[in-house]
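Student: Hi! I've got a model open and would like to talk through its helix packing and its pockets. Can you walk me through it?

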Amino acid sequence: MAAGEPLIVLDSVNKWFGPLHVLQDVSLSVDGGEVVVVIGPSGSGKSTLCRAINRLEPINSGTITFDGQPLPAEGRALARLRSDVGMVFQSFNLFAHKTILQNVTLGPIKVRKEKTAAARDRAMTLLERVGIASQAEKYPAQLSGGQQQRAAIARALAMQPKAMLFDEPTSALDPEMVGEVLDVMTSLARDGMTMVVVTHEMGFARHAANRVVFMADGQLVEQAPPEEFFGSPKSERAKDFLSKILTH
(Lines give C-alpha, C1' and ligand atoms only; values in the text may rest on other atoms or scores of the structure.)
Protein backbone atom coordinates (compact mmCIF):
# COMPACT_ATOMS: atom_id res chain seq x y z
CA MET A 1 0.00 0.00 0.00
CA ALA A 2 1.49 3.33 -1.04
CA ALA A 3 1.75 5.96 1.68
CA GLY A 4 -1.27 8.23 1.76
CA GLU A 5 -3.41 5.76 -0.17
CA PRO A 6 -6.70 5.00 1.52
CA LEU A 7 -6.95 1.36 2.61
CA ILE A 8 -10.75 1.12 2.37
CA VAL A 9 -12.81 3.08 -0.17
CA LEU A 10 -16.59 2.96 -0.57
CA ASP A 11 -17.85 4.89 -3.57
CA SER A 12 -21.60 5.55 -4.03
CA VAL A 13 -22.57 2.30 -2.34
CA ASN A 14 -26.23 1.29 -2.43
CA LYS A 15 -27.86 -1.64 -0.70
CA TRP A 16 -31.48 -2.69 -0.56
CA PHE A 17 -33.17 -5.31 1.60
CA GLY A 18 -36.31 -5.77 -0.52
CA PRO A 19 -37.93 -2.32 -0.66
CA LEU A 20 -35.78 -0.99 2.18
CA HIS A 21 -32.92 1.21 0.95
CA VAL A 22 -30.45 0.58 3.80
CA LEU A 23 -27.36 2.20 2.26
CA GLN A 24 -28.02 5.25 0.09
CA ASP A 25 -25.12 6.44 -2.03
CA VAL A 26 -22.62 6.01 0.79
CA SER A 27 -19.07 7.15 0.05
CA LEU A 28 -16.35 6.82 2.65
CA SER A 29 -12.61 6.33 2.61
CA VAL A 30 -10.47 5.12 5.48
CA ASP A 31 -6.71 5.62 5.52
CA GLY A 32 -4.24 3.05 6.77
CA GLY A 33 -3.84 3.49 10.54
CA GLU A 34 -7.04 5.52 10.87
CA VAL A 35 -9.74 4.75 13.45
CA VAL A 36 -13.20 5.57 12.15
CA VAL A 37 -16.13 5.23 14.55
CA VAL A 38 -19.59 4.95 12.99
CA ILE A 39 -22.49 6.08 15.17
CA GLY A 40 -26.16 6.81 14.66
CA PRO A 41 -29.64 5.64 15.60
CA SER A 42 -30.68 2.00 15.30
CA GLY A 43 -31.61 1.02 11.77
CA SER A 44 -29.42 3.72 10.22
CA GLY A 45 -27.37 1.21 8.19
CA LYS A 46 -24.24 1.20 10.37
CA SER A 47 -23.93 -2.58 10.70
CA THR A 48 -24.74 -3.12 7.02
CA LEU A 49 -21.96 -0.68 6.11
CA CYS A 50 -19.53 -2.57 8.33
CA ARG A 51 -20.52 -5.96 6.90
CA ALA A 52 -20.30 -4.70 3.31
CA ILE A 53 -16.58 -3.95 3.75
CA ASN A 54 -15.70 -7.64 3.95
CA ARG A 55 -18.56 -8.70 1.71
CA LEU A 56 -20.68 -10.39 4.35
CA GLU A 57 -23.34 -8.19 2.75
CA PRO A 58 -23.12 -7.94 -1.05
CA ILE A 59 -24.00 -4.47 -2.32
CA ASN A 60 -26.42 -3.57 -5.14
CA SER A 61 -24.42 -0.77 -6.74
CA GLY A 62 -21.33 1.34 -6.25
CA THR A 63 -17.84 0.03 -5.54
CA ILE A 64 -15.78 -0.97 -2.53
CA THR A 65 -12.02 -1.35 -2.78
CA PHE A 66 -9.67 -2.70 -0.13
CA ASP A 67 -5.95 -2.02 -0.36
CA GLY A 68 -6.36 -0.89 -3.98
CA GLN A 69 -8.34 -3.93 -5.14
CA PRO A 70 -12.09 -4.25 -5.73
CA LEU A 71 -13.74 -6.68 -3.33
CA PRO A 72 -13.70 -10.15 -4.86
CA ALA A 73 -17.06 -11.84 -5.37
CA GLU A 74 -16.23 -15.33 -4.21
CA GLY A 75 -13.72 -18.14 -4.01
CA ARG A 76 -10.14 -18.01 -2.86
CA ALA A 77 -9.72 -14.27 -3.35
CA LEU A 78 -12.68 -13.59 -1.07
CA ALA A 79 -11.22 -15.90 1.60
CA ARG A 80 -7.95 -13.97 1.34
CA LEU A 81 -9.78 -10.66 1.73
CA ARG A 82 -11.60 -11.97 4.80
CA SER A 83 -8.32 -12.98 6.39
CA ASP A 84 -6.94 -9.48 5.69
CA VAL A 85 -9.97 -7.84 7.31
CA GLY A 86 -10.55 -9.00 10.89
CA MET A 87 -14.15 -8.87 12.08
CA VAL A 88 -15.51 -8.79 15.61
CA PHE A 89 -19.27 -9.05 16.03
CA GLN A 90 -21.79 -8.44 18.76
CA SER A 91 -21.91 -12.19 19.42
CA PHE A 92 -18.54 -13.77 20.00
CA ASN A 93 -18.90 -16.65 17.49
CA LEU A 94 -16.21 -18.72 19.21
CA PHE A 95 -16.19 -22.48 18.59
CA ALA A 96 -17.73 -23.88 21.77
CA HIS A 97 -15.99 -27.27 21.59
CA LYS A 98 -12.48 -25.81 21.17
CA THR A 99 -10.32 -24.19 23.83
CA ILE A 100 -9.59 -20.48 23.65
CA LEU A 101 -6.07 -21.26 22.40
CA GLN A 102 -7.47 -23.58 19.70
CA ASN A 103 -9.95 -20.90 18.67
CA VAL A 104 -7.12 -18.43 18.16
CA THR A 105 -4.75 -20.82 16.32
CA LEU A 106 -7.33 -22.40 14.02
CA GLY A 107 -7.32 -19.72 11.28
CA PRO A 108 -3.54 -19.28 11.05
CA ILE A 109 -2.99 -23.05 10.86
CA LYS A 110 -5.87 -23.86 8.48
CA VAL A 111 -5.99 -20.75 6.29
CA ARG A 112 -2.47 -19.33 6.49
CA LYS A 113 -0.88 -22.81 6.72
CA GLU A 114 1.28 -21.79 9.67
CA LYS A 115 3.23 -24.34 11.68
CA THR A 116 1.38 -25.27 14.86
CA ALA A 117 4.18 -24.21 17.20
CA ALA A 118 4.52 -20.77 15.61
CA ALA A 119 0.74 -20.27 15.60
CA ARG A 120 0.54 -21.24 19.27
CA ASP A 121 3.35 -18.87 20.23
CA ARG A 122 1.72 -15.96 18.50
CA ALA A 123 -1.70 -16.88 19.90
CA MET A 124 -0.29 -16.85 23.44
CA THR A 125 1.30 -13.45 22.80
CA LEU A 126 -2.07 -12.15 21.60
CA LEU A 127 -3.96 -13.67 24.53
CA GLU A 128 -1.41 -12.00 26.80
CA ARG A 129 -2.04 -8.75 24.99
CA VAL A 130 -5.82 -8.93 25.51
CA GLY A 131 -5.29 -9.98 29.13
CA ILE A 132 -6.56 -13.57 29.08
CA ALA A 133 -3.43 -15.73 28.66
CA SER A 134 -4.38 -17.54 31.88
CA GLN A 135 -7.64 -18.68 30.22
CA ALA A 136 -5.95 -20.28 27.17
CA GLU A 137 -6.90 -23.88 28.00
CA LYS A 138 -10.49 -23.10 29.01
CA TYR A 139 -13.56 -23.40 26.80
CA PRO A 140 -15.63 -20.36 25.80
CA ALA A 141 -18.49 -21.28 28.16
CA GLN A 142 -16.08 -21.06 31.11
CA LEU A 143 -15.29 -17.41 30.34
CA SER A 144 -17.22 -14.23 31.02
CA GLY A 145 -18.72 -12.35 28.07
CA GLY A 146 -15.96 -9.76 28.27
CA GLN A 147 -13.29 -12.45 28.20
CA GLN A 148 -14.97 -14.20 25.28
CA GLN A 149 -15.07 -10.97 23.30
CA ARG A 150 -11.38 -10.35 24.05
CA ALA A 151 -10.68 -13.90 22.83
CA ALA A 152 -12.62 -13.08 19.64
CA ILE A 153 -10.41 -10.00 19.14
CA ALA A 154 -7.27 -12.12 19.65
CA ARG A 155 -8.62 -14.63 17.13
CA ALA A 156 -9.13 -11.89 14.52
CA LEU A 157 -5.65 -10.47 15.20
CA ALA A 158 -4.07 -13.91 14.82
CA MET A 159 -4.68 -13.66 11.07
CA GLN A 160 -2.47 -10.54 11.01
CA PRO A 161 -5.17 -8.48 9.30
CA LYS A 162 -4.56 -5.16 7.57
CA ALA A 163 -7.75 -3.74 9.10
CA MET A 164 -10.25 -4.60 11.83
CA LEU A 165 -14.02 -4.16 11.68
CA PHE A 166 -15.99 -4.06 14.91
CA ASP A 167 -19.77 -4.32 14.71
CA GLU A 168 -21.19 -3.24 18.08
CA PRO A 169 -18.62 -5.36 19.92
CA THR A 170 -19.85 -4.39 23.40
CA SER A 171 -23.61 -4.23 23.00
CA ALA A 172 -24.21 -7.83 24.16
CA LEU A 173 -22.04 -7.39 27.27
CA ASP A 174 -22.99 -6.62 30.85
CA PRO A 175 -22.05 -3.01 31.63
CA GLU A 176 -19.13 -3.93 33.91
CA MET A 177 -17.47 -5.86 31.08
CA VAL A 178 -17.68 -3.14 28.46
CA GLY A 179 -14.57 -1.30 29.69
CA GLU A 180 -12.23 -4.28 29.44
CA VAL A 181 -13.12 -4.77 25.77
CA LEU A 182 -12.91 -1.06 24.94
CA ASP A 183 -9.49 -0.92 26.64
CA VAL A 184 -8.18 -3.61 24.28
CA MET A 185 -9.66 -1.75 21.29
CA THR A 186 -8.15 1.55 22.45
CA SER A 187 -4.70 -0.01 22.71
CA LEU A 188 -5.07 -1.46 19.21
CA ALA A 189 -6.01 1.97 17.92
CA ARG A 190 -2.95 3.50 19.60
CA ASP A 191 -0.74 0.90 17.95
CA GLY A 192 -1.88 2.07 14.54
CA MET A 193 -4.38 -0.64 13.54
CA THR A 194 -6.80 0.54 10.84
CA MET A 195 -10.24 0.21 12.45
CA VAL A 196 -13.87 0.77 11.54
CA VAL A 197 -15.97 0.57 14.68
CA VAL A 198 -19.76 0.61 14.87
CA THR A 199 -20.64 1.38 18.48
CA HIS A 200 -23.00 3.07 20.93
CA GLU A 201 -20.07 3.86 23.23
CA MET A 202 -19.64 7.61 22.90
CA GLY A 203 -16.70 7.69 25.30
CA PHE A 204 -14.77 5.40 22.98
CA ALA A 205 -15.75 7.56 19.99
CA ARG A 206 -14.44 10.65 21.78
CA HIS A 207 -11.15 9.14 22.96
CA ALA A 208 -10.10 6.63 20.32
CA ALA A 209 -11.53 7.86 17.01
CA ASN A 210 -9.64 9.92 14.47
CA ARG A 211 -12.98 10.53 12.81
CA VAL A 212 -16.62 10.09 13.76
CA VAL A 213 -19.04 9.18 10.98
CA PHE A 214 -22.71 9.82 11.74
CA MET A 215 -25.30 7.80 9.84
CA ALA A 216 -29.07 8.13 9.79
CA ASP A 217 -31.68 6.50 7.54
CA GLY A 218 -29.08 4.79 5.37
CA GLN A 219 -27.15 7.97 4.65
CA LEU A 220 -23.80 9.22 5.76
CA VAL A 221 -24.99 12.52 7.21
CA GLU A 222 -21.88 14.01 8.70
CA GLN A 223 -18.24 13.19 9.48
CA ALA A 224 -15.71 15.09 11.55
CA PRO A 225 -12.96 14.65 14.13
CA PRO A 226 -14.56 13.73 17.49
CA GLU A 227 -14.01 17.06 19.26
CA GLU A 228 -15.64 18.86 16.34
CA PHE A 229 -18.51 16.38 15.96
CA PHE A 230 -19.41 16.26 19.65
CA GLY A 231 -18.64 19.95 20.22
CA SER A 232 -20.48 21.46 17.27
CA PRO A 233 -22.42 18.99 15.11
CA LYS A 234 -23.53 20.59 11.87
CA SER A 235 -26.68 18.68 10.91
CA GLU A 236 -30.01 18.83 12.73
CA ARG A 237 -30.12 15.04 12.65
CA ALA A 238 -26.82 14.77 14.56
CA LYS A 239 -27.79 17.51 17.04
CA ASP A 240 -31.04 15.69 17.74
CA PHE A 241 -29.26 12.34 18.18
CA LEU A 242 -26.65 13.80 20.54
CA SER A 243 -29.22 15.67 22.61
CA LYS A 244 -31.07 12.40 23.20
CA ILE A 245 -28.03 10.37 24.23
CA LEU A 246 -25.83 12.87 26.02
CA THR A 247 -28.39 14.29 28.46
CA HIS A 248 -28.84 11.08 30.48
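Student: How are helix 3 and helix 4 set relative to each other?

Tutor: Happy to help. This is a predicted model, and in it helix 3 (residues 100-110) and helix 4 (residues 116-129) pack at an angle of about 125°. Angles of 65 to 115 degrees count as roughly perpendicular and those over 145 as roughly antiparallel, so helix 3 and helix 4 are oblique to each other.

Student: And how far apart are the axes of helix 3 and helix 4?

Tutor: Their axes are 9 Å apart. Helix 3 passes helix 4 in a right-handed crossing.

Student: Nice. Which residues of helix 3 and helix 4 meet?

Tutor: From helix 3 you have Ile-100, Leu-101, Val-104, Thr-105, Pro-108 and Ile-109. Across from them, helix 4 brings Thr-116, Ala-119, Arg-120, Arg-122, Ala-123, Met-124 and Leu-127. That contact divides into nine nonpolar, two polar and two charged residues.

Student: What about helix 3 with helix 5, at what angle do the axes cross?

Tutor: Roughly 25°, and the axes of helix 3 and helix 5 come within 8 Å. Since under 35 degrees counts as roughly parallel, helix 3 and helix 5 are therefore roughly parallel to each other. The crossing is right-handed here too.

Student: Who makes that contact between helix 3 and helix 5?

Tutor: Helix 3 offers Ile-100, Asn-103 and Val-104, while Ala-151, Ala-154 and Arg-155 come from helix 5. By class, that is four nonpolar, one polar and one charged. Notice that Ile-100 and Val-104 also belong to the contact with helix 4.

Student: OK, staying with helix 5: how does helix 5 pack with helix 6?

Tutor: Helix 5 and helix 6 (residues 175-190) pack at about 20°, with axes 8 Å apart. That angle makes helix 5 roughly parallel to helix 6. Helix 5 passes helix 6 in a right-handed crossing.

Student: And which residues of helix 5 and helix 6 meet?

Tutor: On the helix 5 side they are Gly-145, Gly-146, Gln-147, Gln-149, Arg-150, Ile-153 and Leu-157. On the helix 6 side they are Met-177, Glu-180, Val-181, Val-184, Met-185 and Leu-188. The classes are seven nonpolar, four polar and two charged.

Student: Switching to pockets: how much space lies in the largest pocket?

Tutor: About 570 Å³. It is lined by 24 residues, and the closest to its centre are Arg-82, Met-87, Arg-155, Ala-156 and Met-159.

Student: Which elements give two or more residues to the lining?

Tutor: Helix 2 (75-84), strand 6 (85-88), helix 3 and helix 5 (145-157).

Student: Which one has the largest share of the lining?

Tutor: Helix 3, with five residues.

Student: Last one: how does the lining of the largest pocket split by class?

Tutor: There are 14 nonpolar, seven polar and three charged residues.

Note on methods: Residues numbered from 1 in each chain as written. Predicted model: local features only at pLDDT ≥ 70, side-chain atom pairs only at ≥ 80, totals over all residues. Heavy atoms only, no water. Axes fitted to C-alpha atoms, helices over the stretch in contact; angles between N-to-C directions. Helix = DSSP H or I, 4+ residues; strand = E, 2+ residues; numbered from the N terminus. Left-handed = near helix turned anticlockwise from the far one by under 90°. Contact = heavy atoms within 4.5 Å. Nonpolar A, V, L, I, M, F, W, Y, C, P; charged D, E, K, R; others polar. 1 Å grid on protein atoms, 1.4 Å probe; cavity = no way out; pocket = protein on both sides within 12 Å on 5 of 7 lines; lining within 4 Å. Points joined across faces, edges and corners; volume = space filled by probe spheres on them.
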